[in-house]
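Take a moment with the sequence and the model below. The paragraphs after it lead from one loop residue to the helix before it, and then out to the whole chain.

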Amino acid sequence: MSDYKYKRVLLKLSGEALMGDQDFGLDRAMLDKMANQIKPVHDKGAQIAVVVGGGNIYRGVSGAADGMERAQGDNMGMLATIINALALQDAFEKHGMDCRVMSSIDVHQMAEPYIRRKALRHLEKGRVVVFAGGTGNPYFTTDTAAALRALEMDAEVLMKATKVDGIYDKDPMVHDDATRFDEISYLDVLTRDLKVMDATATALCHDNNLPILVFNIDEEDVFDRALSGEDVGTIVGEE
C-alpha cells in the first residue's frame with residue numbers, strides 16, 4: 001500500500017453532488033467524476049467505504065411529500081439512497097473497481113444486506129463498499145448513517161465531500177468576508193451551529209474521537225491529496 005496517512009476511510013457523498021446542474025436526478029458525468037476521484041486511491045490500496053444521500057431524487061418528489069408524515073417521507077428518502085448507490089456501483093465497476101452495495105433495508109434482489117463483519121471482509125479484499133438505506137430508521141439522516149458506518153468499519157477518518165473547500169464561519173456563497181477554518185473542534189461546530197453535519201452525527205464522532213475532514217470534491221485529485229495528508233479542507237477534531 002502507498003504511504004497514505006489514512007488507510008481506511010469513509011466518504012460521505014450527498015445526493016445533490018450526483019445531479020450536476022440538473023434540478024434533480026442523476027448526471028452521468030458526475031458519477032464518472034466521482035469514480036475518477038476514487039479510482040487512483042483504490043488502485044493504491046486504500047480501503048474505501050461510501051455513504052450516499054438521496055436528496056437529488058427525493059427533491060423530485062418532495063412536493064408530493066409535503067405534509068406527509070415524517071416517518072413516511074424519511075422512508076422514501078432511504079429508498080432514494082439505494083438508487084444512488086446502485087448508480088455509483090455501476091460507475092465504479094465501469095472504471096475497473098470491484099464494488100458491493102450493502103443496504104440497511106432489505107432489497108436482496110439488488111443489494112446485499114448490511115452485515116458488519118461481511119462489510120469489513122469486502123474492504124479487506126479491496127472492494128469499494130457503498131452503504132445505502134441510511135440507518136434503516138426514520139428520523140436519522142445519512143450524515144448520522146455515515147458517522148455510524150465509519151465507526152463500525154473502524155475508519156480512520158470520515159470525509160465529507162461538499163461544494164466548498166472547508167468549513168467557514170458563515171456561508172461563503174453568500175458572504176464575501178466568510179473566514180475558513182483549517183481546524184476546528186467538534187464543540188465549536190456544535191455551539192456555532194455551523195451545519196457541517198447534523199448534530200447527532202457530529203456528537204457521535206466527538207464521543208468516539210473520529211476526525212471529520214470536510215473538503216471540496218470538485219478540486220483536482222483532492223481525494224488522493226486528502227488521503228496523503230496534504231492541507232486539504234477543514235479537519236474537525238478535539239481541541
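**From a loop into a helix**

Asp154 sits in the loop that links helix 5 to strand 6. This is a predicted model. Asp154 is not a glycine, yet its phi is positive, at about 55 degrees. That residue comes just after helix 5. Is Asp154 buried, exposed or partly exposed? Its relative accessible area is 47%, so Asp154 counts as partly exposed.

Asn209 offers a second case. Its phi is also positive, near 50 degrees, and Asn209 is a residue other than glycine. Look for Asn209 in the loop between helix 7 and strand 10, which spans residues 212–216. Asn209 has a relative accessible area of 47%, so it is partly exposed.

Now step back into helix 5. This helix runs over residues 142–152. Its start has a polar detail: a side-chain oxygen of Thr141 comes to within 3.2 Å of the backbone nitrogen of Asp143. How many of the eleven residues of helix 5 are buried? Eight are, and the helix is mostly covered. The buried set is Thr142, Asp143, Thr144, Ala145, Ala146, Ala147, Arg149 and Ala150.

What covers these residues of helix 5? The cover includes three helices and strands from early in the list: strand 1 (8–13), strand 2 (47–52) and helix 3 (70–94). It also includes strand 5 (128–132), strand 6 (157–162) and helix 7 (199–207).

Arg149 is worth a closer look. This arginine lies in helix 5. Its relative accessible area is 5%, under the 20% cut-off, so Arg149 is buried. Which residues does Arg149 touch, leaving aside neighbours within four places in sequence? They are Leu10, Val51, Ser104, Tyr114, Phe131, Gly134 and Thr135. Take Gly134 from that list. Arg149 and Gly134 are 15 residues apart in sequence, and their C-alpha atoms are 9.5 Å apart in space.

Another buried residue is His122. It belongs to helix 4, residues 116–124. His122 has 5% relative accessibility, so it counts as buried. Its side chain makes a polar contact with the side chain of Arg127, at 2.9 Å. Beyond neighbours within four places in sequence, His122 is in contact with Arg100, Met102, Glu112, Arg127 and Val129.

Finally, view the whole chain. It holds eight helices and eleven strands. Of its 239 residues, 49% count as buried. The C-alpha atoms fill a box of roughly 50 × 45 × 35 Å along the principal axes. Does the radius of gyration suit a compact globule, or what else does it suggest? A compact globule of 239 residues would have a value near 18 Å, and the chain has 17 Å, so the two agree.

Contacts tell of long reaches in sequence. Among contacts with a separation of 6 or more, 71% join residues 24 or more positions apart. The outside can be described too. The chain exposes about 11,200 Å², and carbon and sulfur atoms supply 48% of that area. Its side chains include 26 positive and 40 negative ones. The centres of these two sets lie 7 Å apart.

Technical notes. Residues numbered from 1 in each chain as written. Predicted model: local features only at pLDDT ≥ 70, side-chain atom pairs only at ≥ 80, totals over all residues. Heavy atoms only, no water. Buried < 20%, exposed > 50% of the residue type's maximum accessible area, 1.4 Å probe, protein only. Helix = DSSP H or I, 4+ residues; strand = E, 2+ residues; numbered from the N terminus. Contact = heavy atoms within 4.5 Å. Polar contact = N/O pair within 3.5 Å; in protein donor to acceptor, adjacent residues only side chain to side chain. Rg over C-alpha atoms; globule rule 2.2 N^0.38 Å. Areas by Shrake-Rupley, 256 points an atom, 1.4 Å probe, with all protein chains shown as cover. Lys, Arg positive; Asp, Glu negative; His and termini not counted. Charge placed at Lys NZ, Arg CZ, Asp CG, Glu CD.
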